[in-house]
Amino acid sequence: MIKPNYTRPLDLKNGRVEMSHGAGGRSMAQLIIELFAAAFDNGYLAQGNDGALLPPVSGRLVMSCDSHVVSPLFFAGGDIGCLSVHGTINDVAMMGAQPLYLAASFILEEGFPLSDLKRIVESMARAAREAGVPIVTGDTKVVEQGKGDGVFITTTGVGVVREGITLSGHLAKSGDRILLSGAIGDHGMAVLSQRENLSFDAPIVSDTAALHGLVAAMLDCGAELHVLRDPTRGGLATTLNEIAKQSGVGMLLREAAIPVNPTVEAACEFLGLDPLYVANEGKLVAICAPQDAERLLAVMRAHALGKESAIIGEVIADAHGFVQMTTKLGGRRIVDWLAGEQLPRIC
Amino acid sequence: MKYVDEFRDGELAKNIAANIAREADPQRNYRLMEFCGGHTHAISRYGITDLLPANVRMIHGPGCPVCVLPIGRVDQAISLAREHGVILCTYADTMRVPASNNLTLMRAKAGGADIRMIYSTQDVLKIARDNPDREVVFFAIGFETTTPPTAVAVKQAATEGLENFSILCNHVLTPAAMHAILAVEGGVSLDGFVGPAHVSTVIGSKPYEPFADDYHKPVVIAGFEPLDVMQAILMLVRQINEGRAEVENEFTRAVTREGNLKAQALVNEVFGLRDAFEWRGLGSVPHSALKLRPEFAAFDAELKFAVDYVAVPDNKACECAAILRGEKRPQECKIFGTVCTPENPIGSCMVSSEGACAAHYSYGRFREDA
């Protein structure tokens with residue numbers, strides 16, 4: 001008997017991405033409905049229009065976007081899916097905003113296994129649900145085999161900043177304290193240790209996490225916060241240099257105060273890398289007025305994602321904008337911008 | 001981290017620093033060359049200079065593999081990848097070394113050449129096995145430390161009959177370079193050497209004895225950890241004070257007088273001496289580099305492909321040559337930190353973190369104000 005409205009469901013077990021999945025026809029609609037809409041499941045997406053119609057908000061809006069091209073796509077502690085949700089939520093949160101909505105855009109390579117895509121999409125959906133930030137709109141394109149690397153995901157986030165909060169990279173002042181929410185280098189080393197051409201096994205798990213809850217607690221405690229930033233690509237060193245440059249200040253760090261997990265430290269040692277330059281996906285740097293540093297530290301440590309928080313140094317006056325560090329040995333050095341690339345494609 | 005933190009301990013560093021300060025004679029200067037880039041890096045990264053008295057000065061030596069690689073050698077590698085269409089495999093450090101025509105391996109790669117960064121010579125063999133219809137060339141560089149792994153790969157390729165594998169051999173010898181530095185008339189005046197760490201694990205401490213016996217320069221072989229370096233400096237200060245010139249070994253946990261005989265035998269089996277080799281900074285140095293022995297000629301990329309070495313002069317303003325000889329300090333170069341930075345290196349010393357210029361720029365340039 002003919003079923004006029006019947007479409008054979010996607011073969012999410014053995015099927016692969018085909019050019020038609022991005023061609024705008026029936027198979028694209030099917031991919032969207034059976035995979036993306038089913039996983040992300042929310043009323044905005046269900047509107048089924050070219051864009052999501054959102055209710056009015058009060059307050060200043062923050063918008064940020066982030067592309068994800070990590071290789072390998074799956075790594076200890078996460079995958080490109082949850083990473084693409086956390087990354088953008090964190091960028092919005094670092095502005096002091098409450099993240100509200102996400103948009104997601106996929107570039108899929110022809111031949112990519114649908115089962116892997118399903119894993120990635122479900123991981124994104126879980127991350128978005130746990131964060132309480134729905135993915136309300138999206139897009140899918142397919143490129144020919146050899147023109148992509150499996151999956152690239154770009155996410156955009158929108159959030160709202162409440163009255164009285166202004167955070168910016170140019171607000172660090174001499175005397176401010178620099179706080180870090182935990183051990184550095186976990187994400188970069190987790191990804192790197194799973195590269196196929198690196199034959200070492202390290203039990204290192206990516207720290208990928210959405211930090212907006214931690215940020216909310218920090219904002220609520222009333223400390224005079226000047227800057228928040230997540231040290232992703234380029235690591236802590238790069239983030240601090242960016243802030244120093246924007247604010248026209250220097251910094252003086254204490255190496256002994258910067259938490260690094262022993263396995264990460266050992267893996268870095270082994271590969272000749274410096275954890276200061278290795279990416280994080282679930283850590284933040286906070287710069288606050290000196291009188292509030294201890295209070296802020298206590299709030300951060302009380303949060304699940306900030307247990308290992310530490311005051312790692314202070315902002316100093318320096319026309320050159322140098323980030324310096326007192327080494328464990330007792331000497332002093334510059335912690336410079338990263339020259340070239342330390343690791344390829346980690347986020 | 002166990003077995004590492006012990007060698008980076010701040011309290012112990014203070015003790016050694018106090019000893020150096022007490023024992024160094026304020027009436028004289030101590031000009032000590034750390035030969036290896038590994039030591040240069042440790043001195044800069046841990047801020048050891050801050051712990052030394054002003055009259056104990058460290059002079060950075062030429063022991064940075066990519067720094068001493070002349071432009072013409074990188075040109076050869078680029079030519080192999082671009083004109084001969086080979087898969088060129090290289091350690092990551094060489095990717096940004098300036099070559100002719102404003103090129104680097106990195107830029108050649110961006111321009112479509114098949115250049116791959118590898119971590120081990122075993123990776124190269126795998127690439128050769130996986131690509132039987134392509135020629136795969138390993139850009140073999142480095143001192144005695146990286147030579148044995150290259151020898152292993154060549155022998156393995158010979159055993160396997162891996163005909164599409166070959167090497168562009170640039171392996172160089174430490175003692176020959178130390179000799180060249182000391183032989184320069186009116187060159188740098190030195191009171192002693194901090195001797196190589198990893199190189200010495202392979203060649204042992206014996207090859208340094210002529211520097212003590214014939215040139216009367218004390219040599220203290222030291223590990224790459226900051227406390228190793230500080231202890232070696234203290235040992236050198238003591239030798240100088242006592243008028244001794246001996247080879248002493250601070251790095252006894254890894255270095256013996258004879259070195260790694262197995263590795264030496266392997267290297268001797270695969271490689272022979274070149275009559276001469278051009279070094280950046282030191283010029284042509286006799287018997288200072290290795291080439292494959294005739295038995296392994298089939299794996300010699302220089303014989304397999306038409307890539308003759310053409311010497312290319314360094315940028316005129318660049319002082320890398322004098323810096324590599326220890327005659328100038330990075331900050332004495334006119335283009336240091338202005339035209340030449342780690343992002344846009346003009347000279348090779350600004351490329352690797354072991355290079356004197358990159359180390360000073362990345363870790364120590366805040367001192368320029370003081």
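In the predicted model, V62(A) is located in strand β1 of chain A, which spans residues 60–68. This residue counts as buried because 21 C-beta neighbours lie inside 10 Å, where 20 or more are required for that assignment. When residues up to four places away in sequence are left out, V62(A) touches V92(A), M95(A) and A97(A), together with G159(A) and V161(A). P290(A), by comparison, is separated from V62(A) by 228 residues in sequence, and the C-alpha atoms of the two residues are 27 Å apart in space.

The largest nonpolar core comprises 224 residues, and within this core V137(B) and I233(B) are the residues with the most contacts. Helix α10 of chain B, residues 226–241, supplies the largest share of the core, namely 10 residues. Residues are also contributed by both domain 1 (19–161) and domain 2 (177–334) of chain A, and the core therefore lies between these two domains. As a general background to such an arrangement, nonpolar side chains in soluble globular proteins tend to be buried together. The surroundings of V137(B), leaving aside its neighbours within four places in sequence, consist of contacts with L80(B), V86(B), L88(B) and C89(B), with S166(B), I167(B) and L168(B), and with A301(B).

Helix packing within chain A is illustrated by α6 (residues 212–220) and α9 (residues 293–302), which pack at an angle of about 145 degrees with their axes 9 Å apart. The crossing in which α6(A) passes α9(A) is right-handed. On the side of α6(A), the contact is made by L214(A), A217(A) and M218(A), and these residues are met on the side of α9(A) by L296(A), V299(A) and M300(A). Classified by residue type, this contact has six nonpolar residues, with no polar and no charged residues.

Between the chains, 19 residues of chain A are in contact with 25 residues of chain B. On the side of chain A that touches chain B, the elements that give two or more residues are α8 (262–271) and β13 (332–334) of chain A, and of the elements on this side α8(A) gives the most, with four residues. The side of chain A that touches chain B is made up, by class, of seven nonpolar, six polar and six charged residues, whereas the contact of α6(A) with α9(A) has no polar and no charged residues.

Technical notes. Residues are numbered from 1 along each chain as its sequence is written. Chains are lettered from A and ligands numbered from 1 in the order in which they are written. This is a predicted model: local features need pLDDT of at least 70, side-chain atom pairs count only at pLDDT 80 or more; totals for chains, interfaces and linings use all residues. Two residues are in contact if their C-beta atoms, placed from the backbone, lie within 7 Å. Ala, Val, Leu, Ile, Met, Phe, Trp, Tyr, Cys and Pro count as nonpolar, Asp, Glu, Lys and Arg as charged, and the others, Gly among them, as polar. A residue is buried if 20 or more other C-beta atoms lie within 10 Å of its own, exposed if 12 or fewer, and partly exposed in between; C-beta atoms are placed from the backbone. A nonpolar core is a set of buried Ala, Val, Leu, Ile, Met, Phe, Trp, Tyr and Cys residues joined through C-beta atoms within 7 Å. Domain bounds come from an automatic or database domain assignment. Axes are lines fitted to C-alpha atoms, for helices over the stretch in contact, and angles run from 0 to 180 degrees between N-to-C directions. A crossing is left-handed if the near helix is turned anticlockwise from the far one by less than a right angle, and right-handed if clockwise.
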